[in-house]
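Here is a friendly note to help you find your way around. Please have a look at the sequence and the 3D view first.

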Amino acid sequence: MTHIDAHAPGLQPSLYADFGEPLKISFEFFPPKTDAMEQTLWQSVKTLEPLGPRFVSVTYGAGGSTRERTHATVKRILEETDLTPAAHLTCVCHTKDEVKRIAQEYWDMGVRHIVALRGDAPGDDYEGDPWAEGYKNGAELVAGLREVGDFDISVGAYPEVHPDSPNLAGDLDNLKRKVDAGANRAITQFFFETDMYWRYLDHAQSHGIDVPIVPGILPVSNMKTLKRFAAGCGATVPDWMVELFEGLDDQPMTRNLVSATVAGEMVKRLYAGGVREFHFYTLNRAELTYAICHLLGIRPQGQAAMIEAAE
């Protein structure tokens, strides 16, 4: 049962709760394109590191466009932090031998966690089949990675169906093939209605998919950007959220407060239904994700120990 502290005036009861079990969290970053972006990234990494995530993932651009930067970022995380890095790896525009070579480089570096994705097709000016010389889909990619090493493999899941899938059944069939090929877990695309996640979970279980399906949480930092992201991946931005952020374009502090509250409440609802693991899309901005984790009782590891000792 959720415990509400009656001696904490001013706090929303729905957000002020004592979790009976600890939350497991992970964070996603993307590799920097400029020196300024690199500085922002590393400030975010160092800010979130004390929260003790299970792993932090580093994305991989369309067509492998950020491969070298992804590799360098993963390497630096491995060498300069206590975090466990997870490298994104796609098979688009790569031969099978190229993918295996990249995976072997990660294995030799000490990376044991891979986020395996088919990847988006390159731009309209690309001619031919970008998967013709390599793995055709995520399931083949997972099987290929299993030939390289005993990686901990995460794959993508889509509560609102991947844009390239014909329907929900086809989408779930694809996820089942990835799991059967050796995926350890699935991480969902972002969503904003918790009922959508529960329905998807029910459908996945009916398809015999028995790995954890970790909800992906995207804090809203900019509504215009969010709509663009959603249009590209087939996600829905509900009307109530658009209305909630209306008029806040020029009020970043208020917008962040609203965003943290919305995401925190979403995690609390999912927790109430039995979810214990969450993946945060940070967009290389630490402040929102850190605030949400704080609302949820996730503290820097040393600070958490001090609070526990004082109780």
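The points below cover the nonpolar cores and some salt bridges.

1. This is a predicted model, in which local features need pLDDT of at least 70, side-chain atom pairs count only at pLDDT 80 or more, and totals for chains, interfaces and linings use all residues. Residues are numbered from 1 along each chain as its sequence is written, and side-chain values use heavy atoms, with hydrogens and water left out.

2. The largest nonpolar core (buried Ala, Val, Leu, Ile, Met, Phe, Trp, Tyr and Cys residues joined through side-chain atoms within 4.5 Å) holds 64 residues. Buried means under 20% relative accessible area, exposed over 50%, and partly exposed in between (1.4 Å probe, protein chains only). Helix H9, residues 252-272, contributes the most to this core, with six residues. Helices are DSSP runs of H or I, at least four residues, numbered from the N terminus.

3. Apart from that core lies another, of 20 residues, including Met223 and Val262.

4. Eleven salt bridges turn up in the whole structure; each is a side-chain nitrogen of Lys or Arg within 4 Å of a carboxyl oxygen of Asp or Glu. Glu38, Arg76 and Glu80 form a linked network of them.

5. Glu79 and Lys75 pair at 2.7 Å, N to O. They sit four residues apart in helix H2 (residues 67-80), so about one helical turn separates them.

6. Lys100 meets Glu147 at 2.4 Å, N to O. Because Lys100 lies in helix H3 (residues 96-109) and Glu147 in helix H4 (residues 138-148), this pair ties together parts 47 residues apart in sequence.

How values were computed
Helix = DSSP H or I, 4+ residues; strand = E, 2+ residues; numbered from the N terminus.
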